[in-house]
Amino acid sequence: MPKTLFEKIWDTHVVRTIPDGPSILYIDKHFIHEVTSPQAFKGLEQRGLTVFRPGQVIATADHNVPTLNQHLPIKEELSRIQVDTLQKNCAKFGIELYGLGHPFQGIVHVIGPELGITQPGMTIVCGDSHTSTHGAFGTIAFGIGTSEVEMALATQCLMQHKPKLMRINVEGKLNKGVLSKDIILYIISKISASGATGYALEYAGSAIRSLSMEARMTICNMSIEMGARCGMIAPDETTFHYIKGRPFAPQGGDWDNALARWKTLFTDEGAWFDRELNVESSDIEPMITYGTNPGMGIGISGHIPGMQEIEEREKSSFEKSLHYMGLEAGAGIKGKKVDYVFIGSCTNSRIEDLRMVAAFVKGKQKAADVQVWIVPGSKQVEQQARAEGIDKIFEDAGFLLRQPGCSACLGMNEDKIPAGKYCISTSNRNFEGRQGPNARTFLASPLTAAAAAITGSVSDVRELM
Amino acid sequence: MRAFTTIASTAVPLNAENVDTDQIIPARFLKATSRDGFGKNLFRDWRYENDNESRPRKGFVLNDPAFHGRILLCAKNFGCGSSREHAAWAIKDYGFDVVVSSFFADIFKNNALNNFLLPVTVSESFLNELFKAVESDPSTGVTVDLAAQTITLDKKNGPALSEKFDINPYKKTCLLNGYDDIDYLLSMKDEIAEFENNRITSNI
Ligand code: SF4
């Protein structure tokens, strides 16, 4: 029987299926960070348990860390305690920690791939919804809650129901100024913030194939923003080339064996999907969100839907959302003033993102009244950017390259957008208060964000290229 | 004993779609290292003006003394966004045992079940009936019977309205008996180790 990519991986990881119940799914790699792990470790201790396979757990500190002066102790007491707690737990249970100051430290979904830990065919979990990012390598990767973190620590397994399967085919060449972030914002705007709930997604089609690994990760990263359990892309030469030579990539004969296995990881002709969605690249222009969930997105030259375009029972949520954002139904969005530009987060903080922004802003100057924060996804990205002189280009343009962490993506550290201010952000969530109480977020690609940094308002990057 | 029984209670109607877990518990309250005490920050930014506990926001349902109970009524796509289990902890700690919606986000649903907070998925039309009845009369009773898998609206003027809800049989057994997944997984450790030995492990 023809199988999907998802099924090929799922089937080789099921330890047992409970009749009428979930499957016991074996987990290859388990990433942890400081925010969603302390209660799991506490739970283990209360039950008198230990970590079953510490060698398959990888830890980093990312959510709470400052992005300036990382060599100093963390000022905020609760953040410091959380980061210290992670360190103690890792030491106690024998888990490798890439904490502050370590050359591998960074956002959990940036470092896994960058170190070559994330490899095709694996099952990967983390107490973090954007774990779907790792699916770009042809893995089943999904976010879990803290109780499940505890289960995975204790047994290297989780109870999982097999999700339904959806394939999203993106065909054709991308328009000028359109990045993979625009593809995913476009897809979410079409199927809504809940449209893929209960599904595992596979992204396919010529447009997806043409993307770099960084760009593919951006797409898989936001699968959760339409409710999907996970998102994946079949590995190919682009994938293999990316992994080869990275610190934890297989070497020598192991590499050849791994490669042979990875090459079998694709959806067979004729395999069944519960749902299929076709997208034409030519329909996509640079995207931006105007509301308070990632499904509320429009093309940059478009307008916010008018009241009459909204279904009756959604009207009150829609109005509430626009009220929060200080925007009008039916209005255009181009030219709207922005106060902050945030380029970072596990969606768009990789070296390719920074290179693209640098190439665009080189020789340009930021608008006087805009704050621009550029936060690399990892220590390695930061180092690479400095080695390539990207930090200098930013400096000349009036930007600052900060130090790695989640930063203003969720504002758990000091990097918060003040109440009422507008931030154009390359992150993945525009929820109320996500970037700070009453902060207002426009989600966009790194290029569209960079364009706003130069003009001081929401702009069509194509007119500046 | 945390085993789940029948819950008969009044309900609190929270009529907003796409409620994400950042609203349920904002990120700045995730700095704790224990599971306790999240209830006081449940819906923090919808509950208070400028984060000020002495200035409750008028019009937000948790601030309305007319509504209380162990059942939270929610609109479509409840619990979307971040995987933070703190959202389920906060709802449970505040005093809810059941959340009712026509549609739950995936991870939230799992997290709720793992904390003996029962997510009950009902039809759009039944949900509308629930909201209508509870909003017009806060003393309206709602009964959730897990064993029978029914949710019943005790209508004051007319016969009670009832609907069946789905729950996985395995999960139902766990909830009714107070078991959690980790007990089950721990009992399988030998089988898991054997599974590890049997498979091709060259890439891990
Ligand atoms: S960057 Fe944002 S979305 Fe990504 S892991 Fe950090 S907080 Fe979560």
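These notebook entries record what I looked up in a predicted model.

**Entry 1. The interface between the chains**

I began with the contact between chain B and chain A. On the side of chain B, 57 residues take part, and they meet 70 residues of chain A. I noted next that the size of an interface is often given as the accessible area lost when the parts come together. For chain B and chain A, I found a buried area of about 5,500 Å², with 54% of that area coming from carbon and sulfur atoms.

I then turned to the polar side of this interface. The rule finds 10 salt bridges across the interface of chain B and chain A. I looked up one pair, A:Glu76 and B:Lys31, whose side chains form a salt bridge at 2.9 Å, N to O. For polar contacts between chain B and chain A, I recorded 30 residue pairs, both residues being at pLDDT 80 or more.

Which elements of chain B give two or more residues to the side that touches chain A? I listed α1 (21-24), α3 (86-94), α4 (106-113), α6 (169-177), α7 (181-186) and α8 (189-198) of chain B. Sorted by class, this side of chain B holds 23 nonpolar, 16 polar and 18 charged residues.

**Entry 2. The nonpolar cores**

I recorded beforehand that nonpolar side chains tend to be buried together in soluble globular proteins. The largest nonpolar core here has 112 residues, and B:Phe78 and B:Leu118 are those with the most contacts inside it. Helix α15 (residues 446-455) of chain A gives the largest share of this core, 7 residues.

I followed B:Phe78 further. Beyond its neighbours within four places in sequence, B:Phe78 is in contact with several residues, including B:Leu14, B:Val19, B:Ile24, B:Phe43, B:Phe103, B:Phe104 and B:Phe108. Another core lies apart from the largest one; it has 95 residues, among them A:Val65, A:Ile188, A:Ala215 and A:Phe240.

**Entry 3. Two buried residues of chain A**

I asked whether A:Thr218 is buried or exposed. A:Thr218 is located in helix α8 (residues 213-221) of chain A. I count A:Thr218 as buried because its relative accessible area is 1%, and the cut-off for buried is under 20%. Not counting residues up to four places away in sequence, A:Thr218 touches A:Ser180, A:Lys181, A:Ile184, A:Thr347 and A:Asn348.

A:Leu327 was my second case; I found it in the loop between α11 (315-325) and β15 (340-343) of chain A. This loop residue, A:Leu327, is also buried, at 12% relative accessibility. Its contacts, leaving aside neighbours within four places in sequence, are A:Tyr290, A:Ile304, A:Leu322, A:Lys336, A:Tyr422 and A:Phe442. I checked the pair A:Leu327 and A:Tyr290 in particular: the two are 37 residues apart in sequence and 7.8 Å apart in space, C-alpha to C-alpha.

**Entry 4. Two asparagines with positive phi**

I noted first that most residues other than glycine have a negative phi. B:Asn18 has a positive phi, near 55°. I located B:Asn18 in the loop between β2 (11-14) and α1 of chain B. B:Asn18 is partly exposed, with a relative accessible area of 22%.

B:Asn50 is not a glycine either, and its phi is positive at about 45°. I placed B:Asn50 in the loop between α2 (44-47) and β3 (71-74) of chain B. Is B:Asn50 buried or exposed? B:Asn50 is exposed, because its relative accessible area is 56% and the cut-off for exposed is over 50%.

Notes
Residues numbered from 1 in each chain as written. Chains lettered and ligands numbered in written order. Heavy atoms only, no water. Contact = heavy atoms within 4.5 Å. Buried area = accessible area lost by both parts, 1.4 Å probe. Salt bridge = Lys/Arg side-chain N within 4 Å of Asp/Glu carboxyl O. Polar contact = N/O pair within 3.5 Å; in protein donor to acceptor, adjacent residues only side chain to side chain. Helix = DSSP H or I, 4+ residues; strand = E, 2+ residues; numbered from the N terminus. Nonpolar A, V, L, I, M, F, W, Y, C, P; charged D, E, K, R; others polar. Buried < 20%, exposed > 50% of the residue type's maximum accessible area, 1.4 Å probe, protein only. Core = buried A, V, L, I, M, F, W, Y, C linked by side-chain atoms within 4.5 Å.
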